[in-house]
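Colleague: I am new to this structure and would like to go through it by question and answer. Please show it to me before we start.

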Amino acid sequence: MQKKKTAEEIQELVRGERTVPLILDFYATWCGPCILMAQELEMLAVEYERNAMIVKVDTDDEYEFARDMQVRGLPTLFFISPDPSKDAIRTEGLIPIEMMRDILNNDM
């Protein structure tokens, strides 16, 4: 399931050893597209229960972290591979679940 974490917890996750991709969901409670995408991310969390980790980042609570990550629009997703040699993939705005699956299945 999706978990809400602090910037410190997320940075530890990113730096730490993982066997599955990490998806950071930068959102705000007042953001309409974020609410729509949250439903898709919930479905993805169930579908990829053991094969991906989804972490929610409330940009109002973690403003400095969002700024440091250069989040300009919401929602913004970062797909971070467990393979440190692969670059993170960033998406901004509402994206369909099919695109999320495609990134997880082919780019992570």
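Colleague: Is F65 buried or exposed?

Modeller: This is a predicted model, in which local features need pLDDT of at least 70, side-chain atom pairs count only at pLDDT 80 or more, and totals for chains, interfaces and linings use all residues. Residues are numbered from 1 along each chain as its sequence is written, and side-chain values use heavy atoms, with hydrogens and water left out. Buried means under 20% relative accessible area, exposed over 50%, and partly exposed in between (1.4 Å probe, protein chains only). F65 has a relative accessible area of 7%, so F65 is buried.

Colleague: In which helix does F65 lie, and which residues is F65 in contact with?

Modeller: Helices (H or I, at least four residues) and strands (E, at least two) are DSSP runs, numbered from the N terminus. By that numbering, F65 lies in helix α3. Contact means heavy atoms within 4.5 Å. Leaving aside neighbours within four places in sequence, the contacts of F65 are A7, I10, Q11, F26 and V57.

Colleague: F26 and V57 are both on that list. Which residue stands opposite F26 in β3?

Modeller: Two strands pair if DSSP finds at least two bridges between them. β2 and β3 pair over 6 bridges, in the parallel sense. Another pair of bridge partners here is D25 and K56. Opposite F26 in β3 stands V57.

Colleague: In which sense do β2 and β4 pair?

Modeller: D25 of β2 stands opposite L77 in β4. The two strands, β2 and β4, are joined over 5 bridges, and the sense is antiparallel.

Colleague: How many residues of β2 are buried?

Modeller: L22, L24 and F26 point one way from the strand, while I23, D25 and Y27 point the other way, and all are buried. For β3 (residues 53-58), the count is 5 of 6. For β2, also mostly covered, the number of buried residues is 6 of 6.

Colleague: What is the handedness of the β-α-β unit made by β2, α2 and β3?

Modeller: A crossover is right-handed if, with the strands pointing away from the viewer, the path from the first strand over the helix to the second runs clockwise. The unit of β2, α2 and β3 is right-handed.

Colleague: Which elements give two or more residues to the largest nonpolar core?

Modeller: A nonpolar core is a set of buried Ala, Val, Leu, Ile, Met, Phe, Trp, Tyr and Cys residues joined through side-chain atoms within 4.5 Å. The largest one has 16 residues, and those with the most contacts inside it are I23, L41, L44, L77, F79, M100 and L104. The elements that give two or more residues to this core are α2 (32-47), β4 (76-80) and α4 (97-106).

Colleague: How many residues does the other core have?

Modeller: It lies apart from the largest core, and its members include A7, I10, L22 and V71. The number of residues in this other core is 13.

Colleague: Which residues does L104 touch?

Modeller: Residues up to four places away in sequence are not counted. The residues touched by L104 are P21, I23, L44, Y48, A52 and F79.

Colleague: Which residues form a disulfide, and what is its handedness?

Modeller: A disulfide is a covalent bond between the sulfur atoms of two cysteines. Here the criterion is a pair of cysteine sulfur atoms within 2.5 Å, and C31 and C34 form a disulfide with their sulfur atoms 2.4 Å apart. The torsion about the S-S bond of C31 and C34 is about 80°, so the disulfide is right-handed.

Colleague: Where do C31 and C34 lie, and which UniProt annotation covers them?

Modeller: C31 lies in the loop between β2 (22-27) and α2, and C34 is in helix α2. C31 is buried at 5% relative accessible area, and C34 is buried at 5% as well. UniProt positions are given in the numbering used here, feature names are shortened, and annotations may be inferred rather than shown by experiment. The annotation that covers C31 and C34, from an unreviewed entry, is "active site".

Colleague: C31 touches L74 and P75. What is the peptide bond from L74 to P75, cis or trans?

Modeller: P75 is found in the loop between α3 (63-68) and β4. C34 touches P75 too, along with Y27, A28 and L74. Omega of the bond from L74 to P75 is near -10°, and the bond is cis.
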